[in-house]
Every structure is written in structure tokens, then in C-alpha cells.
Amino acid sequence: MAVCANSQDITGLEKIGPVVSFTKSVNAVTLNCADGSQVKLTMLAPDLIRVRASFAKPMSPHDHSWAIARDNWDTTRWRLTESPESISITTEEVEVVIHRSPLLISFRDARTREVINADERPMMYDAKGTLAGMMFDPNAGMFVAAAKKLGFDEHFYGLGEKAARLDKRRGSFVNWNSDTPGYTEGKDPIYQTIPFYLGLEHGSAYGIFFDNSYRSYFNFGSNSQERAWFGAEGGEMNYYFFYGPAIKKILSRYADLTGHMPLPPLWALGNQQSRWGYYPDTMVERVVSEYRQRDLPLDVVHLDIDYMNGYRVFTWNTQRFPRPKEMSEQLIKQGVKVITIVDPGVKYQPHSPVAREQASNSRNPELEPQPKSYYVFDQGLEKNYFQHRKDAKLFIPKVWPGESVFVDYTLPEARTWWGDLHRAYLDNGVAGIWNDMNEPSDFVDQTGKNQLDVISYDEGERSSHAKNRNVFALLMARATYEGLARLRPNLRPYVITRAAYAGIQRYSTMWTGDTNSTWDSLALNIPMFTTLGLSGEPFIGSDVGGFMGRGNGELLVRSYQVSFLAPFCRNHKVIDAYDQEPWRFGKYYEDIIRKYLKLRYRLLPFLYTTLEEAHRTGVPLFRPLVLNYQNDASTYNLDDEFMIGDDLLVAPVLRPDVTRRMVYLPEGKWYDYWTNKEHKGGSVVSVDAPLETVPMFVRGGSILPLGPEMNYVGEKIPEPSFVIYPDEQGEAATSLYEDDGLTPEYANGVYRRTSLRFSGKQKQIQISISAPEGKFRPQPRTISFVISTTLSPGTVLLDRQPIPRVADGGTGWFKSGGTLIIRIPDDGRAHNIEIQ
Ligand code: MIG
């Protein structure tokens with residue numbers, strides 16, 4: 001019987017402790033326990049404490065994690081006090097109380113002394129093998145677990161990619177990267193492992209990152225009223241405790257610890273089109289020209305496994321794609337970049353020494369036929385980069401090329417080699433890489449059972465599949481990212497992955513795998529996107545229209561009405577199902593899709609500004625309402641609406657035949673994006689939502705930076721126009737982030753941030769524009785301000801000088817219906833506009 005977390009009764013496990021003595025170092029306290037166990041608490045920051053435990057033995061000096069991006073933390077001030085019962089460690093923000101016997105750890109707010117999170121029982125380990133029979137891999141190691149008191153009103157978020165609702169309270173989950181085509185709600189595990197969650201009670205949040213790559217279990221009170229617990233089939237009890245109370249602050253710390261997402265190229269925010277089965281090259285060209293002829297925006301086209309020669313990665317099928325470089329160059333002229341899929345399976349193609357002699361020495365072996373020998377297999381075999389089983393035999397799974405081998409990405413040289421192989425794509429004009437099948441999927445056995453005796457180098461530990469499976473994709477994406485960065489240092493890498501472990505955001509963006517073209521699957525988009533955002537993965541998306549099965553025009557339109565604001569917006573389809581490019585269901589649907597794709601491009605300045613915020617702060621752009629309003633209980637399980645940044649709220653329709661829906665608007669003033677109608681928040685409103693319209697609201701107090709309508713990034717000079725939505729006090733503010741959109745120079749200060757304030761009390765309207773921050777200089781252009789007002793101004797002053805009333809174009813001001821538009825040259829200086 002498959003092990004399931006519900007049946008995993010942890011109450012019989014051995015408990016750690018009690019504490020008999022402790023030692024102190026600059027940033028840590030180590031507890032020595034009567035059972036020979038050790039517990040180390042490391043104060044990394046005032047709000048970040050690491051808890052690491054060894055069970056019935058001293059702590060190993062070996063301490064390594066692929067997820068952690070930062071280990072040099074400034075010294076944090078903390079003090080220790082003792083009593084006969086307990087030891088207290090206090091930082092500026094958190095007080096950790098360690099009860100000696102039994103050994104119970106609780107975290108309190110250092111100021112209010114309120115308990116944030118507390119052990120329900122001491123940390124546990126399966127000393128007697130009680131759970132051995134229930135373990136997925138009985139040889140993985142020893143089961144370790146930690147149990148926390150479950151708050152009566154506690155809500156749980158995060159845990160990465162889960163086919164589940166937003167609030168995970170009462171749920172139970174497993175992490176074991178798995179290829180799960182056609183998954184539906186409740187399917188678990190699926191592709192990714194992000195063992196990080198947030199707890200929220202009474203508006204106050206904490207985070208726990210259980211950094212353990214073994215098959216892990218998270219139970220948020222599914223079969224117990226008393227406890228939430230997490231555990232793993234091996235490895236250490238090793239978790240990081242984050243204190244908020246703001247969720248945003250926790251996400252920032254989590255990004256500091258596991259890495260910030262670098263900015264992808266701006267065009268990655270453009271519209272993308274894919275389909276398993278886009279071949280030959282003329283077919284790809286046809287798809288792109290359809291987009292152009294139909295005036296539909298497009299930035300990227302994807303090539304699925306069909307472009308390869310017999311599914312050999314780093315090769316091209318030259319029957320189907322005789323001149324890939326020319327094809328890419330043709331497409332680039334039309335503003336479209338090519339992305340190719342790269343799977344981990346390398347075709348197993350041994351050969352006689354004679355064939356070896358005949359092997360090509362060409363500079364571009366990717367275009368050679370490889371009938372007798374395949375250069376990637378040859379090189380990897382010769383260098384011994386492929387995975388082996390415990391008995392030293394090559395591990396030969398079956399994937400698309402048939403018998404195949406996988407690279408041991410824990411080997412640094414193997415990662416460099418794999419990264420360098422991407423020359424085979426870059427030389428042919430490919431702009432980005434899509435990693436698939438990297439759970440890693442094996443057709444022999446999809447659960448991973450066929451791989452249990454595979455050994456990885458793992459920094460000399462030579463450790464098991466049980467430990468390495470969940471980090472395989474992370475390391476493959478790392479090899480890819482680092483390879484692209486090396487081969488093309490002046491361009492930002494763009495990688496997309498299916499499987500992942502925590503830390504993946506440093507190397508790759510992601511999509512949610514093989515969904516269905518169904519309404520249920522569509523309804524999972526918002527909880528999944530927002531949950532991924534709450535788990536440190538900001539750049540996410542799902543196959544628009546759904547991957548498997550037959551969609552229809554209505555479903556496709558509603559799907560675009562979710563994804564036109566997702567960072568990754570790509571329509572993709574399985575080979576043996578029905579076409580679903582935007583035009584496939586006829587003009588009526590195509591026209592609506594065009595409207596949303598065009599709107600996406602108009603919103604690019606806003607999307608990119610929020611994406612940069614995600615890069616810098618770790619706070620995602622595609623947000624659940626709870627992230628912006630964590631004191632509002634009405635948002636705690638609200639996952640059929642979402643926000644982009646702080647300012648835009650979207651409430652899509654997720655069922656067929658519906659033309660109206662209820663939308664919850666949090667406190668404050670809101671503007672209907674389409675009609676400008678004002679709503680008072682803190683209430684539910686019923687709004688029209690015919691197929692043409694996705695309900696969208698702008699937060700009063702915000703200013704939306706919009707760009708020109710475009711069919712691809714770079715088609716036009718991005719002249720911003722700022723649309724102003726004042727709050728109840730008549731005020732609004734924003735900032736706009738811009739850079740070259742392509743190079744890594746933004747990290748050296750080559751960006752521009754423009755801040756804007758609006759205040760409009762009665763007849764006194766003022767706009768102040770800050771002197772932009774940063775070294776980036778955009779092309780000469782104008783900037784505009786759009787104010788909704790019935791007033792017709794007497795004069796408009798720019799830095800105290802009147803500017804002319806103009807007909808429509810040019811600089812000056814004009815009225816158009818109920819809006820006042822002011823346009824000024826963008827000279828990169830501070831300005832003040834007054835309207836009288
Ligand atoms: O076994 O490359 O999720 O997007 O089209 C299926 C073929 C392999 C799974 C991916 C999907 C892709 C497909 N792949």
C-alpha cells in the first residue's frame with residue numbers, strides 16, 4: 001500500500017531531549033541532550049532562526065544545502081537568559097524559549113511576548129523503525145519530524161506547487177517530484193518540492209522552511225485537532241523559522257536565504273505560443289505569420305521535442321529544421337524569439353570503437369545525423385558524468401529517446417559541461433531554454449521506484465536517490481542558467497522548468513505542467529499561481545487553455561483572462577489533442593483574446609515594475625489578496641480573485657455560462673477598470689462579467705503606468721502614460737521601474753526609477769515627478785498623465801510655466817471626454833505640474 005501522510009502516525013516516535021547542558025558561540029546555541037542528541041539554534045537575523053538537530057548522536061560537521069544562497073549573515077544581537085526550567089534566547093524581534101524537559105521550543109514576539117509558534121511535542125525520530133513499513137523507500141534513512149501546536153484560527157499557505165486551494169489548513173501533503181500528467185485537484189505530490197510554508201493567525205504570520213530534500217510530509221491538522229507537523233524519510237531535522245508578522249517581510253527574508261529571482265529579459269513577459277507538434281520549420285513560420293496577420297501580439301514561439309534528431313538533446317532534426325539558424329533569424333525580424341525544450345534524458349547510444357573513429361569533428365555536431373555515435377552521449381560517458389546504480393552499472397531509464405542516461409548534476413564539472421552544450425542552441429539563434437521531464441521522469445516507473453539505488457556524487461557523500469531526487473531539477477536548471485550566463489554574458493538567461501526544489505528562483509521560472517482543458521483545471525490556476533508566489537517563486541504560469549483534452553472558445557477566453565496578467569503567458573497543447581491557438585475557435589473569441597493580449601502589452605510597464613519588486617524584495621507580483629490584506633479574514637481563503645502588485649485586482653470567471661459574479665473588495669476605494677465606476681471596499685459587489693469582460697478594479701491611491709499598444713516588446717518606444725486613481729483623500733502615488741530589458745547591467749545601477757505623487761484636493765491639483773534614480777537613459781520620449789475629471793482647467797503649469805492647450809498630439813494638455821491628459825517631454829529631471 002502506498003504510504004500516505006494521513007496514515008503516518010508520528011505519535012509513537014522517539015522524542016528528543018531533555019536538555020542537560022548547552023554551549024554558546026557568536027551566533028548559536030547548541031543544546032546537548034540526555035539521549036545523545038544535539039540541537040543547534042543559529043540566530044541568522046533578528047527574524048530568522050535556524051533549528052538543526054541530530055538524533056541520538058552528535059551533529060555532523062557536514063552541512064550543505066543546494067537551496068541556500070546565503071550563509072554570511074551580519075552578526076545579530078541576541079542575549080540568553082536561563083531558569084531551571086528553560087533557556088531563553090532573545091533577538092530584537094523574536095524570543096525563543098527552550099523548555100529543557102521535555103525539550104519544547106516556542107517562538108514568541110520579543111515585544112509583545114505573544115507566542116507565535118510552539119512545539120506540540122519534542123522533535124522526533126524513528127529510532128525503532130516504527131514507520132519503516134510505511135516508508136516509500138525503507139532504506140532512505142530514519143524518519144524525522146517536528147510537531148507544532150495547531151492554532152484554532154491558524155491558516156496555512158505556501159508549499160510550492162500543490163494542486164490545492166490557497167489555504168492549506170487541514171490539508172496533508174507529500175513532496176516527491178513526480179510527473180503527473182492530467183492532474184486534478186487533490187493529486188499529490190506533483191512536480192515540485194518547496195518545503196516552505198507560512199502560518200497566519202490573528203493577522204500575524206511566521207514562516208518555516210524545512211530544508212530537507214528527502215521525501216517529505218506536511219500535515220496542517222488533517223487528522224488531528226492539536227498539531228501541525230512536518231517530517232521526512234531521512235536527512236536531518238533542519239528548519240528555518242521566520243517571523244513576520246508581515247507576510248511580505250517573511251518572503252523577503254526567504255529570498256535573502258534561498259536567493260532572489262534575477263530579472264529575466266523583458267520579452268519573457270511577452271505573449272508566448274507553443275504546441276507539441278510544431279514542425280517542420282514552415283509550420284512554425286506559419287504560426288508566427290498568423291499571429292502577425294491577425295494583429296495578435298507575440299514575443300516567443302516554443303519548439304517542443306519534435307525539433308530534435310531522434311529525441312537526442314542538443315541536436316536538430318535537419319529534415320524538419322534544415323536551417324535552424326536562418327529560421328530563428330527570420331523570426332527575430334518579426335519580433336519573435338525561439339525557445340527550445342531540453343530534457344534530461346540523453347539517448348543511450350553505445351557504439352563500436354570504429355564508429356567512434358568516424359565520429360564527427362564538426363564545430364556544429366548538433367546538425368550532424370549522429371547515426372553511429374552521438375556526441376553528447378560519447379562525451380558524457382567518457383567523462384563519467386552519467387548516473388550509476390549502487391552496483392556501479394550505468395542507470396538506464398527510458399524516456400523519449402528510448403533507453404537513456406541522466407547526468408549527475410551534483411558534479412560541478414558535469415554542470416559546466418551541460419551548460420556549455422547549450423552552444424548547440426545559441427549558435428542557432430535560440431533565445432531561451434525550457435527544461436521538462438526533470439523530476440526526473442522515467443517511463444519504466446513514474447514513481448521513482450526504478451531509481452532508488454541510483455547514487456549521486458553529492459559533494460563526495462555519494463548519496464542516494466532518496467536524498468537527491470528532489471534537487472535534480474534544481475541542479476539541472478542551475479547548469480542551464482549558468483551555461484547561458486557564461487555563453488552569452490551580455491544577455492540575461494531565460495529558463496523555464498517543470499520540476500524544482502526551493503532555491504529554483506535563482507535559476508529558472510516555471511510552469512505548472514500538464515493541466516487539462518477543463519474548467520476545474522482552470523480554477524486551479526489562481527490558487528496555484530498565488531501559492532507559488534507565497535513560496536518564493538514569482539515567475540509562474542500555466543498552459544493557457546489547458547494542455548490535455550479538448551477546449552472550446554469560452555474556456556480559452558476565460559483562461560486568457562487569468563493568464564494575461566500571469567508572468568508566464570503561454571498557450572501550449574499536447575500533440576494528440578485539439579488546436580487552441582487564439583484564432584482556432586473563430587473570430588468572436590479571437591477578438592476578445594486580442595483585447596486581453598493588447599491590454600497585457602499596455603500594462604507591461606506596470607507588470608515589469610512589479611516584477612522588479614519581486615526580484616528585489618521577494619514579494620511576488622501575482623498575489624493572493626491575503627498577501628496585501630493579511631488582517632482581513634475575508635481574504636484568508638479567497639482564491640478566485642487575485643491582485644497584481646498592490647494596485648490591480650482581477651476577478652475572472654472560472655465556470656461556463658456565467659456572465660456575472662460576486663467580487664470581494666477589501667477596505668478602501670476601488671475603481672472599476674472598464675467603467676471607472678467607484679466602489680467602497682470592505683464589501684462584496686456583484687458585477688457584470690460577460691465573456692468580453694473580466695472584472696478588474698484599480699485601488700484608489702494608485703497610479704498605473706501604461707505603455708503603448710504593441711505586438712512585441714521593443715516594437716515601439718515605451719512612452720509611459722500614468723493613469724491616476726486618487727484615494728478618498730484625493731491622493732495617489734506610484735513608481736515606475738525601467739531598464740534596458742536585456743542585459744544584466746541593471747544589477748550595476750543601470751536602471752531608472754521614477755516616483756510620482758498626485759494630490760487633488762478640490763481645485764488644487766498637483767503632480768510631482770521625482771528626479772529619476774539610476775543610470776539608465778531611455779530614448780527621447782514624452783510622458784503623459786491621465787486624470788479622470790469633469791473639470792476643465794484654466795491653466796496647466798509645468799514648473800510654474802503655463803503649457804499650451806493642444807488639439808491632441810504634441811506636448812501640452814488636452815481634454816478628451818471625461819479625462820484630462822497632460823503630456824510633457826521626458827528630460828530625466830524632477831518636475832512639478834499644477835492644474836488650476
Ligand atoms: O511526456 O515534450 O509537460 O509541456 O509538451 C511528455 C512533450 C513530455 C511534458 C510537458 C509538456 C510537453 C511534453 N512533455
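The following dialogue examines how terms are applied to this predicted model.

Modeller: Local features need pLDDT of at least 70 and side-chain atom pairs count only at pLDDT 80 or more, while totals for chains, interfaces and linings use all residues. Residues are numbered from 1 along each chain as its sequence is written, and side-chain values use heavy atoms, with hydrogens and water left out.

Biologist: What makes a residue part of the group that surrounds the ligand?

Modeller: One of its heavy atoms must lie within 4 Å of the molecule. By this rule 13 residues surround the ligand, and D304, D436, R498, D514 and H572 are the closest.

Biologist: Why is the pair between D514 and the ligand called a polar contact?

Modeller: A polar contact is a pair of N or O atoms within 3.5 Å. An N or O atom in the side chain of D514 is 2.4 Å from an oxygen atom of the ligand, so the pair qualifies. For D436, the corresponding side-chain atom lies 2.7 Å from a nitrogen atom of the ligand, and therefore this pair also qualifies.

Biologist: How many nonpolar, polar and charged residues form the shell around the ligand?

Modeller: The shell has eight nonpolar, one polar and four charged residues. Here Ala, Val, Leu, Ile, Met, Phe, Trp, Tyr, Cys and Pro count as nonpolar, Asp, Glu, Lys and Arg as charged, and the others, Gly among them, as polar.

Biologist: Which residues of helix α5 are called buried?

Modeller: Buried means under 20% relative accessible area (1.4 Å probe, protein chains only). In α5, residues 375-383, the residues Y375, V376, F377, D378 and G380 are buried.

How values were computed:
A polar contact is a pair of N or O atoms within 3.5 Å; within protein, one must be able to donate a hydrogen and the other to accept it, and residues adjacent in sequence count only if both atoms are side-chain atoms. Buried means under 20% relative accessible area, exposed over 50%, partly exposed in between (1.4 Å probe, protein chains only). Helices (H or I, at least four residues) and strands (E, at least two) are DSSP runs, numbered from the N terminus.
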